[in-house]
Amino acid sequence: MLLNDGKTLYNDFFEFHPPIAFLITQLWLKLTGHSLAGARMLVVLVVAGISFLTCLICLRISRSRPLSAALPFLWALSSQGFWTQINHHWFATFFSLTSFLNLLPDRNQRIHPFFCGFAAGATALTTSGRGGLIVFAAFAVILARGNKTDIWKFIGGGASISALVLLYVIANGSLVAAYQDIVIFAATKYSGIESVPFGRAISVQNFAVGLLFPVAAVLAIFAMLQSGLRVLRDHDFTAALAFGIAGLLGSFPRPDAWHLLCAAPLMLPLLSISLVKIPHTRWQTRAAAIALLGLTLASLLGYYRAVKSTIKASPIVTAAGKVRIVGATGEPELLKRIAAIGAGQPFLFYPYDPMLSFLTGHEHVARLDLFLPQRTTPAVYAEACVQTVRRADWVVIDRSWTTATFHDVFPAMANPQPPEKAGFEHAIESSFALVGTYGDYELREKKKDDVRMCAGISAVVKAR
């Protein structure tokens, strides 16, 4: 579901779970107010920051202005449009590039290890998997320089951001939940439900980015072999190699188009310096330029289609501002119906529609806004059930995320219908009467307040 006012593309997913992304988004919206204009401004600034940092890093290590301008431009065309959204992966990419930049020597051949460690730690606290690899890559590059002072500064920077976030989590009573989500889930369950083939859902618009990873890998290997591995003594090349590997591995176990788009800025510096290091003739240079131009035109075509689809969509007035919905499946009618409901009435938006809460201005009663089988624990389902039955006046259910078709999004998920999910949905359907169906969405109004309906989920919790 895409939301747009005809000027700036915007997606419906607010990723509020990681602590750093949550803090940044909340502080920004307090400054700009509850509006799509403010939210769009934030995502545009983040994406612009990613493009600028990528260009600057490529320029510093390759010394090629054409490459440093062309590669970030191609990435922007490939990645924006349908994916211009507030998302923790964009924040993670921005922090990763900030860490990378602080490793590169300036005119005095000095690096900034404290800020490098601070940014790397912020990455790990935003996306734990890719962030952990970024921390390792940055630390390996600093170790290779052999300066003990730099090593301790790096550790101090990472410890500082970790301590600040830890204090915030403790102050909000979320230490156990954060540990379960950031550490336990990432280490034990994430790959079990997220695994997909490399390049899944690649389209015309982002085909260039999908091609980028194997091309960058081949060129880097060729540059190393051609130099007899002497290129590994080059600090810039080893830094680009370390962060490129971290970006590639960090896209797994879900290396689909979306995650590759987020990791691509970490591969572009490696691609740029490898192209510079490899000897090439004039015709090879021209062939590479023609290939780059062809990929750029393909990405431009895909971006044009995204903009055209957005402009064709009808505008809808919401509490957060005017939006357009591309590929709507009942959202316009649902938003109009909710607008007729009095303000201040709490909702449950289930299983994952946080943007509806933002657009309508209604409170989402559950502590979490994402209910995902094999990720959401039985205890969380039980807690949310009690919160919903007691506090919610209305429930919105997105059936596209509760039926069997949802399994297509997570093909590796072993059991998309566990007993705790079935029990939760049964309790909601028994406690809230169906008022209307709007495409994939159901709107339900409370008809009884009886938390005993949640007893079945509590039994699942005890059994486990």
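Biologist: How far apart are the end C-alpha atoms of helix H12, which has 21 residues?
Modeller: This is a predicted model: local features need pLDDT of at least 70, side-chain atom pairs count only at pLDDT 80 or more, and totals for chains, interfaces and linings use all residues. Helices (DSSP runs of H or I, at least four residues) and strands (runs of E, at least two) are numbered from the N terminus. The expected span of a helix is 1.5 Å times one less than its number of residues. For H12, residues 257-277, that gives 30 Å, and the end C-alpha atoms agree, at 29 Å.

Biologist: At which residue does H12 bend?
Modeller: Residues are numbered from 1 along each chain as its sequence is written, and side-chain values use heavy atoms, leaving out hydrogens and water. The bend at a residue is the angle between axes fitted to the seven residues ending there and the seven starting there. In H12 the bend is about 45°, and a proline, Pro 265, follows within four residues. The bend sits at Ala 264.

Biologist: How many of the 21 residues of H12 are buried?
Modeller: Buried means under 20% relative accessible area, exposed means over 50%, and partly exposed lies in between (1.4 Å probe, protein chains only). H12 is mostly covered. Its buried residues number 18.

Biologist: Is His 280 buried or partly exposed?
Modeller: His 280 lies in the loop between H12 and H13. A polar atom of its side chain lies 2.6 Å from the backbone oxygen of Ile 278. The relative accessible area of His 280 is 43%, so the class is partly exposed.

Biologist: What distance does H13 reach from its first C-alpha to its last?
Modeller: Helix H13 covers residues 282-312, which makes 31 residues. At 1.5 Å a residue, 45 Å is expected. The reach is close to that, at 45 Å.

Biologist: Which residue follows H2?
Modeller: H2 has 27 residues and reaches 39 Å from its first C-alpha to its last, close to the expected 39 Å. The residue after this helix has a positive phi, near 60°. That residue is not a glycine. It is Arg 63.

Biologist: Is Arg 63 buried or exposed?
Modeller: Arg 63 is found in the loop between H2 and helix H3 (65-79). Its relative accessibility is 61%, so it counts as exposed.

Biologist: Which residues does Ser 35 touch, not counting residues up to four places away in sequence?
Modeller: Ser 35 is in the loop between helix H1 (19-32) and helix H2 (36-62). At 19% relative accessibility, Ser 35 counts as buried. Contact means heavy atoms within 4.5 Å. With those sequence neighbours left out, Ser 35 touches Ala 320 and Phe 358.

Biologist: Which residue offers its backbone nitrogen to the side chain of Ser 35 at 3.2 Å?
Modeller: A polar contact is a pair of N or O atoms within 3.5 Å; within protein, one must be able to donate a hydrogen and the other to accept it, and residues adjacent in sequence count only if both atoms are side-chain atoms. Here the side chain of Ser 35 reaches the backbone nitrogen of Gly 38.

Biologist: What is the relative accessible area of Leu 103?
Modeller: Leu 103 lies in the loop between helix H4 (88-101) and helix H5 (113-124). Leaving out residues up to four places away in sequence, it touches several residues, including Ile 111, His 235 and Phe 243. Leu 103 is buried, with a relative accessible area of 0%.

Biologist: Which residue does a cis peptide bond join to Phe 252?
Modeller: Omega is about 10° at this bond. The partner is found in the loop between helix H11 (235-250) and H12. It is Pro 253.

Biologist: What is the radius of gyration of the protein?
Modeller: The protein has 18 helices and eight strands. The globule rule (2.2 Å times the number of residues to the power 0.38) is set against a radius taken over C-alpha atoms. The rule gives 23 Å for 464 residues, and the protein comes close to that, so it is as compact as a globular protein of that length, with a radius of gyration of 24 Å.
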